[in-house]
Amino acid sequence: MQTRSDLFEREEILGLLEGKISSLVTGSGGTLLIEGPAGIGKSRLLAEAQARAGTAGVRTVTGHGSELESEFAFGAVRQLFEPLLADMIPEERAELFSGAAQQATSVLGPTTDVPSGDFSTLHGLYWLTVNLAHKQPLLIAIDDLQWVDAPSLRYFVYLQPRIGDLPILLTAATRPNFREETGHLIEMIATDAATEIALPLPLSQKAAALIIRDIIDSGERADETFFASCYEATGGNPLLLKQLAQVITAEGLEPVDTNARKVIELGPRAVARYTSVRLRELPGVCTQLAESVAILGDSATLQVIAAYAGITLESAAHAASLLQQVNILEEPEFTKDGSPAALNYVHPLIRAAVYGSMQQDRVMAAHAHAAEILTHLSAEPERVAAHLLQTLPKGNQETVRLLADAASSAISRGSPDSAYAYWRRALAEPPGQTARLDALMKAGACALLINLTGSVDLLREALSLCDDLNKRAEIRVLLGGALMYLQRAKEGVDVYREGINESTTENSKRLLAAGVVSSVFQVQDNADLVAYADELADLPPDDSLGGRALDSMIAMVRWLKGDSSAVHYARRAIADGRLVEMANGEPFLPMGVWYPLLAADCTEAFSSINDALAGAHRSGFIRALAPASDFRGLGLLWQGYLADAEVDLRRAKRAIEAAGVTVGRPFNGSFRAHLFMSQGRLEEAQGALEWAQMANTTDTGAGYLILAAKARLQRLRGDYEQGLTAAIEAGQRFSAVGGLNPAIVPWRSEAALCLRQLNRADEASQYALREVELARQWQGKRALARALRIAGLVIGGDEGLDHLSEAVSVAEQSPACLEYATGLVALGTALRRSGKRSDAQAKLRRGAELAHNFGAVPLLNKAMTELRVTGSRPRRIALTGPEALTPSERRVAELASSGMTNRDIAQRLFVTIKTVEVHLTSVYRKLGISRREDIVNKFNQSERAT
């Protein structure tokens with residue numbers, strides 16, 4: 001029953017809703033989170049949002065979380081879209097699932113042969129949502145977000161940053177206490193800069209009194225002390241106030257001072273008391289039906305509930321009607337044939353009251369019975385499994401089979417989270433000895449994506465049960481990889497080495513050997529591992545996955561030492577582009593190729609990374625998306641394309657958070673810190689490093705990356721002592737794993753810059769010249785140009801000018817355009833100080849142009865300042881022509897010129913349509929054109945000119 005007081009003291013939130021809906025109608029979307037305790041009125045506000053959206057011509061899709069179905073893969077997503085799809089004709093459905101949206105059929109069927117990994121599914125759902133909003137603004141309303149399943153939450157996380165420029169509004173209601181398994185995903189939604197949060201507050205005492213008066217019809221006989229007690233008993237919670245008023249009425253309590261104490265006692269139990277009183281007043285079949293709805297969950301239809309309860313459909317319908325009259329069940333929506341679609345409680349607290357009134361043994365027996373009934377009715381495996389999760393293990397092999405079916409269904413929908421829960425429950429049943437090994441391996445494979453610690457335990461047990469040597473090697477590869485991700489490298493080495501000794505196939509041996517070698521990066525005092533890598537390097541080349549994996553890891557070890565032969569092994573591993581395909585979504589192997597090649601300025605790394613990104617989109621594994629985005633971002637950063645790099649690095653950050661891959665934090669956090677420092681955003685750089693340190697790997701793993709970035713940040717802030725300390729510590733950590741290559745951790749030059757500021761010139765020169773020596777050994781032009789530039793700054797004088805001139809010459813021959821620009825400004829500054837103003841102006845002007853194009857604000861400011869000192873009046877900078885395009889702009893321009901629409905380009909590049917529009921606007925400006933048809937001519941003119 002709704003009263004006139006439903007929206008008391010909610011004017012501010014209603015105004016926020018109205019503004020969001022107005023913006024939605026004009027094409028701007030966003031996210032609104034309504035957060036508060038149970039009963040505070042969140043659902044009522046969601047309902048009001050839907051009503052106002054409907055009035056404004058906005059389409060609304062709704063869903064809600066359920067404690068019972070929190071493991072049901074994409075359960076909330078299916079609630080959103082399945083009713084809509086059911087009412088569509090085939091032509092409308094085909095249009096909705098066109099393009100990339102076809103990948104959503106793994107969730108919303110009928111299924112096809114499209115990929116069903118988590119990322120591909122999310123991308124498909126995103127484009128289905130875009131297609132749906134194309135004709136009419138869309139409101140997505142989700143209640144009880146705290147109970148929503150993990151795959152649906154990942155969809156919201158994926159959707160959220162992409163809808164700001166689309167007519168899509170995501171509105172969700174949640175309690176402040178989240179499930180441990182999914183809390184980080186809700187936190188990602190809540191803490192996103194674009195999310196607005198509404199916090200409904202408890203009602204005032206005056207409003208509480210009005211609600212009580214309205215329900216109990218007190219007239220003149222009411223005592224104010226009585227109303228004050230009602231407020232105290234409920235804390236101003238609207239639902240508790242209403243339920244308390246109903247109990248007061250049902251029990252005939254007079255609203256007088258002498259009953260105030262009774263009210264205080266009733267308050268916290270108002271919902272349970274109200275429900276108990278109402279059920280006692282009704283026929284026994286109503287309690288039977290209410291308990292059935294509590295067990296089966298909100299998605300159960302009247303037919304299913306009647307079958308479960310063992311009563312006729314007519315009796316069930318009559319009982320449901322009586323429960324609706326006393327405000328326990330909602331009025332149901334009806335299907336096309338006129339039957340109720342589902343029976344729902346008016347509020348989760350009332351369902352909890354009914355559920356909580358049942359004895360625990362009855363609850364478990366009831367869920368077991370529900371599983372039997374749903375199996376008999378051919379319900380989806382995951383709906384059956386939702387009940388089996390609530391039962392005690394009994395060694396029933398049929399239960400194992402049903403849970404295995406549910407796990408397979410969850411995997412097909414791209415939900416390893418749900419599959420993992422089903423396999424864990426199946427293992428507890430337990431399965432027979434033969435089936436147990438298969439269950440352990442499948443559970444371990446799922447856990448690798450969501451629970452690395454759990455995967456180690458599962459895979460170790462699988463290894464102990466397995467006699468097949470080939471399968472044991474397969475388990476060891478997975479187990480060793482999990483240990484590596486957990487920074488437990490020494491354990492991983494033991495697992496790999498034992499596997500090598502017992503393996504019978506050359507491919508398995510090489511794969512396991514690659515695992516041993518990969519441990520170099522986490523194990524200090526690792527001379528034996530380095531020696532082992534050198535020994536393996538003498539093996540003949542092998543085109544198998546094991547052979548390429550080994551080449552990849554050898555490349556990493558040699559790159560770490562600054563040995564330029566790393567490029568040879570990296571290129572051999574990447575030959576013909578098959579490594580990414582053969583790795584099948586495992587990111588660690590291609591990383592062994594990308595890092596050395598990027599550090600050596602070999603642009604073919606980008607081809608492999610782009611293949612990996614496309615593969616991640618097809619196969620759908622977020623864990624593979626993160627490193628590919630990270631290393632493309634790093635490559636773009638090193639080349640100087642800061643805006644493009646930021647897009648990739650932010651995408652990688654969200655993927656790391658969504659997948660819980662903490663081992664990626666030091667890489668991504670340090671990469672973003674360097675990016676922000678190049679742009680002059682020092683506070684954001686600090687935030688990136690703090691985020692990176694959450695992985696607790698400063699002392700292990702890739703922690704030296706964090707320390708090296710910290711050293712640069714401290715220097716830029718003018719804290720040279722702290723900068724020097726961080727640089728030295730980075731060098732110690734790096735050296736402890738055999739690291740010498742300044743292309744990875746240029747700690748010596750960073751220390752030299754700090755020493756220079758501390759007036760310790762001799763030490764600064766020693767550090768700087770040693771880095772030049774190591775950079776020449778590595779032969780990467782970017783690293784050498786940087787080392788030469790810093791040596792020139794530290795040494796000064798004519799010798800310093802020589803180093804700076806060589807730095808510019810080396811950088812000019814490389815793709816490291818930002819280093820080239822930095823070198824030009826440094827050389828121009830030195831020339832100005834030596835009195836060569838004319839030469840200085842040319843260098844400074846070119847450096848300023850490049851810095852402007854890259855968005856390197858500090859470098860641009862320095863160049864402009866130096867130009868003014870030379871007496872030059874810097875002109876307005878605006879680079880034009882094809883060479884001024886960023887890599888992202890060039891990709892969009894090439895696709896646009898081939899005849900692809902903006903929507904097609906967006907789907908191909910996995911970006912939003914708005915992003916494509918922004919890039920094309922920039923392309924037109926830089927090329928001096930107004931039509932996409934002119935792009936090809938501009939490119940051709942540029943090629944003829946060169």
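Is Glu-82 buried, partly exposed or exposed? Let's work that out, along with a few companions.

The model is predicted: local features need pLDDT of at least 70 and side-chain atom pairs pLDDT 80 or more, while totals for chains, interfaces and linings use all residues. Residues are numbered from 1 along each chain as its sequence is written, and side-chain values use heavy atoms, with hydrogens and water left out.

**Exercise 1. Place Glu-82 and find its charged partner.**

Step 1. Start with the classes: buried means under 20% relative accessible area, exposed over 50%, and partly exposed in between (1.4 Å probe, protein chains only). With a relative accessibility of 30%, Glu-82 is partly exposed.

Step 2. Look for a salt bridge, that is, a side-chain nitrogen of Lys or Arg within 4 Å of a carboxyl oxygen of Asp or Glu. Glu-82 pairs in this way with Arg-78, at 2.8 Å from N to O. Arg-78 is buried, at 7%.

Step 3. Put the pair on its element. Helices (H or I, at least four residues) and strands (E, at least two) are DSSP runs, numbered from the N terminus. Both residues belong to helix H3 (residues 75–86) and sit four residues apart, about one turn of the helix.

**Exercise 2. Set the Arg-770 pair beside the Glu-819 pair.**

Step 1. Recall the principle: side chains of opposite charge can pair when their charged atoms come close. In all, the structure has 53 salt bridges.

Step 2. Arg-770 bridges to Glu-773 at 2.9 Å, N to O. They lie three residues apart in helix H40 (residues 761–778), about one turn of the helix. Arg-770 is partly exposed at 32%, and Glu-773 is partly exposed at 48%.

Step 3. Glu-819 bridges to Arg-789, with 2.7 Å between the closest N and O atoms. Glu-819 is in helix H43 (residues 817–833) and Arg-789 in helix H41 (residues 781–795), so this pair ties together parts that are 30 residues apart in sequence. Both Glu-819 and Arg-789 are buried.

Step 4. Some bridges share partners: Glu-69, Arg-78, Glu-82, Glu-380 and Arg-383 are joined into one network.

**Exercise 3. Describe the second largest cavity.**

Step 1. Define the term. On a 1 Å grid over the protein atoms alone, a cavity is a set of points where a 1.4 Å probe fits but cannot get out, and lining residues have an atom within 4 Å of a point. Grid points are joined across faces, edges and corners, and a volume is the space filled by probe spheres set on the points.

Step 2. There are eight cavities of 30 Å³ or more, and the second largest has a volume of about 80 Å³.

Step 3. Its lining includes Leu-597, Asp-601, Phe-606, Trp-638 and Arg-782. Helices H31 (588–599) and H33 (622–639) are the elements that give two or more residues to this lining; H33 gives the most, with three.

**Exercise 4. Decide whether helix H26 is enclosed or open.**

Step 1. Helix H26 (residues 506–518) has 13 residues and reaches 18 Å from its first C-alpha to its last, close to the expected 18 Å; the expected span is 1.5 Å times one less than the number of residues.

Step 2. Of the 13 residues of H26, 10 are buried, so the helix is largely enclosed by the rest of the structure. Among the buried ones are Arg-510, Leu-511, Gly-515 and Val-517.

Key: 1 Å grid on protein atoms, 1.4 Å probe; cavity = no way out; pocket = protein on both sides within 12 Å on 5 of 7 lines; lining within 4 Å.
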